[in-house]
Amino acid sequence: MKKGIHPEYYPQAQVICGCGNTFTTGATKPVIKTDICSACHPFFTGEQRIVDTAGQVERFMRRLEKREEGTKGAKVRGG
Ligand SMILES: [Zn+2]
């Protein structure tokens, strides 16, 4: 390997997940913080959980609530 062009490699880098799970891996950073890992990702847990770190779903649900309040008492078209 050429010297000076490669980032430092940490064979025992610690990964810390938002769910509390930690494990070690090889990486170019000594510590990696992540929101999702193989212990809590819906694909591995089988849960129908929405991964929504940016709060987009929450924002949408709030908007939906507001809209429903606005239509209360109003005539709803049959369909
Ligand atoms: Zn996790």
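Two helices and three strands make up the secondary structure of the protein chain in this predicted model. Read from the N terminus, these elements follow the order β-β-β-α-α. Burial is absent at the level of the chain, as 0% of the 79 residues count as buried. Contacts across long stretches of sequence are likewise lacking: among contacts between residues at least 6 apart in sequence, 0% join residues at least 24 apart.

The three strands assemble into an open sheet with the order E2-E1-E3 and mixed pairing. Strands E2 and E3 (31-34) form the edges, each pairing on one side only. Neighbouring strands of the sheet are turned against each other by 35° on average, direction being ignored.

The antiparallel part of the sheet is formed by strand E1 (residues 10-17) and E2, which are paired over five bridges. Within this pairing, Ala 13 of the protein chain is placed opposite Thr 25 in E2. The two strands constitute a hairpin, with four residues lying between them. Gly 20, located in the turn, adopts a positive phi of about 105°. Strand E2 (residues 22-27) is hardly covered, the count of buried residues among its six residues being zero.

On the other side of the pairing scheme, E1 and E3 run parallel and are joined by four bridges. Here Gln 14 has Val 31 in E3 as its bridge partner.

The segment that follows the sheet was examined at His 41, which is found in the loop between E3 and helix H1 (42-45). His 41 has 15 C-beta neighbours inside 10 Å and therefore counts as partly exposed; the buried class would require 20 or more such neighbours, and the exposed class 12 or fewer. The C-alpha atoms of His 41 and Cys 19 are 9.7 Å apart in space, with a separation of 22 residues in sequence.

Helix H2 (residues 56-70) comprises 15 residues. From its first C-alpha to its last, H2 reaches 21 Å, close to the 21 Å expected at 1.5 Å a residue. None of the 15 residues of H2 is buried, so the helix lies largely in the open. A buried count of zero is thus found for H2 and for strand E2, in keeping with the 0% given for the protein chain.

How values were computed: Residues are numbered from 1 along each chain as its sequence is written. This is a predicted model: local features need pLDDT of at least 70, side-chain atom pairs count only at pLDDT 80 or more; totals for chains, interfaces and linings use all residues. Two strands pair if DSSP finds at least two bridges between them. Two residues are in contact if their C-beta atoms, placed from the backbone, lie within 7 Å. Axes are lines fitted to C-alpha atoms, for helices over the stretch in contact, and angles run from 0 to 180 degrees between N-to-C directions. The expected span of a helix is 1.5 Å times one less than its number of residues.
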